[in-house]
Amino acid sequence: MERAVVERDRQAVIGRNPLPGFILLYGMMYAAFGVASPFWPRFFETRGVTSQELGLLLALGTTVRLASGPLVARIADQLRARRMVLAICLAGAGLVALGLATAKGLALLLLISLCHAAALAPTTTLADALASRAADAPRENGGKAFEYGWVRGTGSAAFIVGTLFAGQIVGAAGLTSVVVLHPGLLVIAAFVVFRVSDITSDQQAAKGTITPVGGFSALIRIAVFRRLLLVAGLILGSHAMHDAFAVIRWNAAGVGPGTASLLWSLSVAAEVFVFFVVGPPIVARMGPAVAAAIAAVAGTLRWTIIALTTDLSMLALVQPLHGLTFALLHLAGMRILTQSVPPQLAATGQAIYALAAGGATALLTLAAGVLYARYNAGAFFVMSGLCLIALPLTLGLHAADKT
């Protein structure tokens, strides 16, 4: 029976175009993130949560997400049930979030938000595990099924649309509307999961199983995987200073909120552009190692210029480099993970990769406060240095370059 289901999934992927299903899945998921993420702090504030309590709530949520992602991903790999686990997590996160509509008091808000964080954390890594493998699946006429960047770019675009839409709805109906929009989109995404296929299942069936602990240790023994974690931690972690203090620096230099918003939008637009247009050809023709090196160079340049000037023309030129420092690196990382991680550890590898990036960002965010207080704009030079350190490390990623 199990082999029959596996063969059915394999033929489904080869026989039809899986792209529309993944486009819809990522659209619903990231729209759900977009309608809620900017408004959660204000929502909790309206529920009587103080600034100190909000800091505690958000910090504990981050801790739970860092732990939940790898654990749930490992369970999904072990059970060979990535789609089912993803659907359960999406639906569970949506249903739990509904409880925030009537919750009052720090204890209950904290409990619900932590359960929400635990359920939501694995969703992006599980979706990436499915999408990146399905993208490389063979088609009847040869070649790849689709470009993963198109799917992930759809997610980024949906996040923007969701945020803009929620801003209008919140203005008209209040913050409680977020607690309706967010769960609704997540539940829709949970049903959409069953429109996509798990192409790794047939490969996994042939490879056998790996114990839960053995799965983590098997990944760490892969040299290319270890190096990718270092490169991602350094380059993606370097964004911490920008995310925390760029607007503060610009505001101190006389850049108003409207202009700052436009500068931020430039970076997000560049991210979408790289995912859809520039990134896939770079990774395909030059390889993921070269793509990661380009990201490291772009990061070095970006943070150096931001440290040196607040001239609007220069900022407008460097903000689009976000497309390289984030989106291009992400595409390179997905290619390396697909090539180097065994199929039966697909979700686990994605989760550990996300943990490395998220953990580095969390630590560097803490460090950013100290650095900015002491060196002001000069603190961005430290982030530039991290990208410079990552540059020679990208050379070792050639071992995963089989294109």
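**Entry 1: A76 and its contacts**

Which residues does A76 touch, not counting residues up to four places away in sequence? I looked this up in a predicted model, and I found A81, R82, V85 and L126. A76 is found in helix α4, which covers residues 51-79. Next I asked myself whether A76 is buried or exposed. Its relative accessibility is 0%, so A76 counts as buried. I also looked up P122, which is 46 residues away from A76 in sequence. From C-alpha to C-alpha, A76 and P122 are 9.8 Å apart in space.

**Entry 2: the whole chain**

I then stepped back to the whole chain. How many helices and how many strands does the protein chain have? I noted 18 helices and zero strands. The protein chain has 403 residues, and 53% of them count as buried. I also looked at contacts with a separation of 6 or more, and 86% of these are between residues 24 or more positions apart.

**Entry 3: the nonpolar core**

Here is a reminder to myself before the core: in soluble globular proteins, nonpolar side chains tend to be buried together. The largest nonpolar core in this model holds 126 residues. Which of its residues touch the most other members? My list reads F22, L25, Y26, F44, L90 and M241. I picked L25 for a second look and left aside its neighbours within four places in sequence. L25 is in contact with L86, L90, A189, V192 and V193. L90 therefore turns up twice in my notes, as a contact of L25 and in the list of core residues that touch the most other members, by the rule that contact means heavy atoms within 4.5 Å.

**Entry 4: cysteines**

How many disulfides are there? With sulfur atoms within 2.5 Å as the cut-off, I wrote down zero disulfides. I checked how accessible two cysteines are. C115 counts as partly exposed because its relative accessibility is 38%. C387 has a relative accessible area of 0%, so C387 is buried.

**Entry 5: helices α12 and α13**

Two packed helices are described by the angle between their axes and the distance between the axes, and I looked up both values for one pair. Helix α12 spans residues 239-252 and helix α13 spans residues 257-286. They pack at an angle of about 145 degrees, and their axes are 10 Å apart. I noted the crossing of α12 and α13 as right-handed. Which residues meet here? From α12 I listed H242, D243, V247 and W250, and from α13 I listed A260, L263 and W264. The residues of this contact divide into five nonpolar, one polar and one charged.

**Entry 6: positive phi values**

Most residues other than glycine have a negative phi. Which residues did I note with a positive one? R80 has a positive phi of about 55 degrees, although it is not a glycine. R80 lies in the loop between α4 and α5, and its relative accessibility of 27% is why R80 counts as partly exposed. N376 is also a residue other than glycine with a positive phi, near 55 degrees. I found N376 in the loop between α17 (346-375) and α18 (379-393). N376 is partly exposed because its relative accessible area is 42%.

**Entry 7: two loop threonines**

I looked up T50 and T102 next. T50 lies in the loop between α3 (40-46) and α4, and T50 is partly exposed because its relative accessible area is 40%. The C-alpha atoms of T50 and L106 are separated by 9.3 Å, with their positions 56 residues apart along the chain. T102 is found in the loop between α5 (82-98) and α6 (106-135). With a relative accessible area of 67%, T102 is exposed. T102 and R47 are 55 residues apart in sequence, and their C-alpha atoms are 9.5 Å apart in space.

**Entry 8: A332**

My last stop was A332, found in helix α16 (residues 322-340). Is A332 buried or exposed? A332 counts as buried because its relative accessibility is 0%. Leaving aside its neighbours within four places in sequence, I listed V283, P288, A291 and A292 as contacts of A332. P280 is 52 residues from A332 along the chain, and the C-alpha atoms of A332 and P280 are separated by 8.9 Å.

How values were computed: Residues are numbered from 1 along each chain as its sequence is written. This is a predicted model: local features need pLDDT of at least 70, side-chain atom pairs count only at pLDDT 80 or more; totals for chains, interfaces and linings use all residues. Side-chain values use heavy atoms; hydrogens and water are left out. A nonpolar core is a set of buried Ala, Val, Leu, Ile, Met, Phe, Trp, Tyr and Cys residues joined through side-chain atoms within 4.5 Å. Buried means under 20% relative accessible area, exposed over 50%, partly exposed in between (1.4 Å probe, protein chains only). Axes are lines fitted to C-alpha atoms, for helices over the stretch in contact, and angles run from 0 to 180 degrees between N-to-C directions. Helices (H or I, at least four residues) and strands (E, at least two) are DSSP runs, numbered from the N terminus. A crossing is left-handed if the near helix is turned anticlockwise from the far one by less than a right angle, and right-handed if clockwise. Ala, Val, Leu, Ile, Met, Phe, Trp, Tyr, Cys and Pro count as nonpolar, Asp, Glu, Lys and Arg as charged, and the others, Gly among them, as polar.
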